[in-house]
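Biologist: I would like a close look at a single part of this model, the largest pocket, with a careful account of what lines it and of what lies in the elements that contribute to it. Please take it step by step, as for someone in a first year of study.

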Amino acid sequence: AHLFRQYPGYSSLRLKPSKTGKCVLCFIEFSNKEGAQAAIDALQGYVFDEEAPDQKLQTSFAKGQ
């Protein structure tokens with residue numbers, strides 16, 4: 001959550017394993033679209049571990065939004 005709290009409008013975060021179990025899906029809620037867009041723009045491709053640079057954050061709006 002610390003990655004997302006810095007963006008205006010951050011409300012909550014929920015984690016869920018993917019259907020395949022190969023990754024974890026993270027659902028973040030914002031109270032406004034501008035804060036959500038700022039987080040998407042800033043964090044797309046964020047590398048969690050420098051020793052595993054291929055494991056990057058993929059960001060997008062929820063489907064249908």
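**The largest pocket and its surroundings**

Modeller: By class, the lining of the largest pocket consists of 19 nonpolar, nine polar and five charged residues. This is a predicted model, and in it the largest pocket holds about 1,300 Å³ of space. Of the 33 residues that line the pocket, Cys 26, Phe 27, Ile 28, Gln 58 and Ser 60 are the closest to its centre. Helix H1, strand S1, strand S2 and helix H2 are the elements that each give two or more residues to this lining, and the largest share, seven residues, comes from S2.

Cys 26, one of the residues closest to the centre of the pocket, has its place in strand S2. Cys 26 counts as partly exposed because its relative accessibility is 32%, and partly exposed is the class between under 20%, which is buried, and over 50%, which is exposed. Although Cys 26 and Arg 14 are twelve residues apart in sequence, they are 5.7 Å apart in space, C-alpha to C-alpha. Not counting residues up to four places away in sequence, Cys 26 touches Phe 4, Leu 13, Arg 14 and Leu 15.

Strand S1 covers residues 10–17 and strand S2 covers 24–30, and Ser 18 is placed in the loop between them. Ser 18 counts as buried, because its relative accessibility is 13% and the cut-off for buried is under 20%. A polar atom of the Ser 18 side chain lies 3.4 Å from the backbone nitrogen of Lys 22, and, leaving aside neighbours within four places in sequence, Ser 18 is also in contact with Cys 23, Val 24 and Leu 25.

The two helices that help to line the pocket, H1 and H2, can also be followed into the largest nonpolar core, whose eight residues are Leu 3, Phe 4, Tyr 7, Phe 30, Ala 36, Ala 39, Leu 43 and Leu 57. Helix H1 (2–5) and helix H2 (33–43) are the elements that give two or more residues to this core, and H2 provides the largest share, three residues. In soluble globular proteins, nonpolar side chains tend to be buried together. Within this core, Tyr 7 touches Phe 30, Ala 39 and Leu 43, and its contacts, not counting residues up to four places away in sequence, also include Gly 35, Ala 38 and Ala 42.

How values were computed:
Residues are numbered from 1 along each chain as its sequence is written. This is a predicted model: local features need pLDDT of at least 70, side-chain atom pairs count only at pLDDT 80 or more; totals for chains, interfaces and linings use all residues. Side-chain values use heavy atoms; hydrogens and water are left out. A nonpolar core is a set of buried Ala, Val, Leu, Ile, Met, Phe, Trp, Tyr and Cys residues joined through side-chain atoms within 4.5 Å. Buried means under 20% relative accessible area, exposed over 50%, partly exposed in between (1.4 Å probe, protein chains only). Helices (H or I, at least four residues) and strands (E, at least two) are DSSP runs, numbered from the N terminus. Contact means heavy atoms within 4.5 Å. A polar contact is a pair of N or O atoms within 3.5 Å; within protein, one must be able to donate a hydrogen and the other to accept it, and residues adjacent in sequence count only if both atoms are side-chain atoms. On a 1 Å grid over the protein atoms alone, a cavity is a set of points where a 1.4 Å probe fits but cannot get out, and a pocket is an open set with protein on both sides within 12 Å along at least five of seven lines; lining residues have an atom within 4 Å of a point. Grid points are joined across faces, edges and corners, and a volume is the space filled by probe spheres set on the points. Ala, Val, Leu, Ile, Met, Phe, Trp, Tyr, Cys and Pro count as nonpolar, Asp, Glu, Lys and Arg as charged, and the others, Gly among them, as polar.
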